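Please open the structure in your viewer and keep the selection tool at hand. The tour below goes from stop to stop, saying at each one what to select and what is to be found there.

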Amino acid sequence: MFDLPVATRPERKAYGEFRKFLVKDGYSMEQFSVYSRIALGRDSVDTHIARLKDNVPGAGSVTVMILTEKQYEGRMVLLGRPKQNHSNDYGAQMTLFF
């Protein structure tokens, strides 16, 4: 999980480069700013953490969570119902002003 600033052009560039690194290194986006990757064993985890440390931008934060396969399988994805957008619902009739 990461939280990187994007207020300035250099910060946006660093954000983009970090995101590209994650995708190139085999991470999949779970949610905005939340990426996951399967690692086979503790040695692989340590290698990928070192790679993350080498590619972390100068500003912001990156949080690493290590889950076993069993813990990951036990996750739940809860979805709400889509909301209808009524902000532009003017009914079937349109009024024109000249």
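What follows is a walk through a predicted model, so each value given here is computed from that model.

**The whole chain**

Begin with the cartoon view of the entire protein, in which three helices and four strands can be picked out. If you trace the chain from the N terminus, the elements come in the order β-α-β-β-α-β-α. Now switch on the surface: how many of the 98 residues count as buried? The share of residues that count as buried is 13%.

**Helix α1**

Select Lys13 and Glu17, which form a salt bridge whose closest N and O atoms are 4.0 Å apart. Both residues belong to helix α1, and because they are four residues apart there, about one helical turn separates them. Is each partner buried or exposed? Lys13 counts as exposed, at 55% relative accessibility, while Glu17 is partly exposed, with a relative accessible area of 46%.

Stay in helix α1 and select Tyr15, which lies in that helix and counts as partly exposed at 27% relative accessibility. Add Gly60 to the selection and show the C-alpha atoms of the two residues: they are separated by 9.5 Å, although Tyr15 and Gly60 are 45 residues apart along the chain.

Next, select Arg19, another residue in helix α1, which counts as partly exposed at 30% relative accessibility. Its partner for this stop is Met29, ten residues away along the chain, and the C-alpha atoms of Arg19 and Met29 are separated by 9.6 Å.

**From the loop after α1 to helix α2**

Select Asp25 and Arg51 together, and show their side chains. They form a salt bridge, in which the closest N and O atoms are 2.6 Å apart. Asp25 lies in the loop between α1 and β2 and Arg51 lies in helix α2, so this pair ties together parts that are 26 residues apart in sequence. The two partners also have different degrees of exposure: Asp25 is buried, with a relative accessible area of 9%, whereas Arg51 is partly exposed, with a relative accessible area of 37%.

Remain in helix α2 and select Arg42 and Asp46, which form a salt bridge with their closest N and O atoms 3.1 Å apart. Because these residues are four residues apart in helix α2, about one helical turn lies between them. Asp46 counts as partly exposed, at 37% relative accessibility. With this pair you have visited each salt bridge in the count, which comes to three.

**The loop between β2 and β3**

Select Ser33, which is found in the loop between β2 and β3, and look at its backbone. What is the phi of Ser33? The angle is near 65 degrees, a positive value in a residue other than glycine. As background for this stop, most residues other than glycine have a negative phi. Ser33 itself counts as partly exposed, at 22% relative accessibility.

**The largest pocket**

Turn the surface on again and go to the largest pocket, which holds about 1,000 Å³ of space. To centre your view, select Tyr35, Ser36, Arg37, Met65 and Leu67, which are the closest to the centre of the pocket among the 29 residues that line it. Then colour the elements that give two or more residues to this lining, namely α1 (9–24), β2 (28–31), β3 (34–36), α2 (42–55) and α3 (69–73). Which element gives the largest share of the lining? That element is α2, with four residues. If you colour the lining by residue type instead, you should find 18 nonpolar, seven polar and four charged residues.

**A nonpolar patch on the surface**

For the last stop, select Met1, Met65, Leu67 and Tyr72, which make a nonpolar surface patch of about 380 Å². Two of these names, Met65 and Leu67, have come up before, as they are also among the residues closest to the centre of the largest pocket. Tyr72, by contrast, brings you to helix α3, where this residue is found. Tyr72 is partly exposed, with a relative accessible area of 31%, and because a residue needs over 30% to be part of a patch, Tyr72 meets that cut-off.

Terms used
Residues numbered from 1 in each chain as written. Predicted model: local features only at pLDDT ≥ 70, side-chain atom pairs only at ≥ 80, totals over all residues. Heavy atoms only, no water. 1 Å grid on protein atoms, 1.4 Å probe; cavity = no way out; pocket = protein on both sides within 12 Å on 5 of 7 lines; lining within 4 Å. Points joined across faces, edges and corners; volume = space filled by probe spheres on them. Nonpolar A, V, L, I, M, F, W, Y, C, P; charged D, E, K, R; others polar. Patch = residues over 30% accessible without salt bridge, like charges linked within 9 Å, V, L, I, M, F, W, Y side chains within 5 Å. Areas by Shrake-Rupley, 256 points an atom, 1.4 Å probe, with all protein chains shown as cover. Buried < 20%, exposed > 50% of the residue type's maximum accessible area, 1.4 Å probe, protein only.
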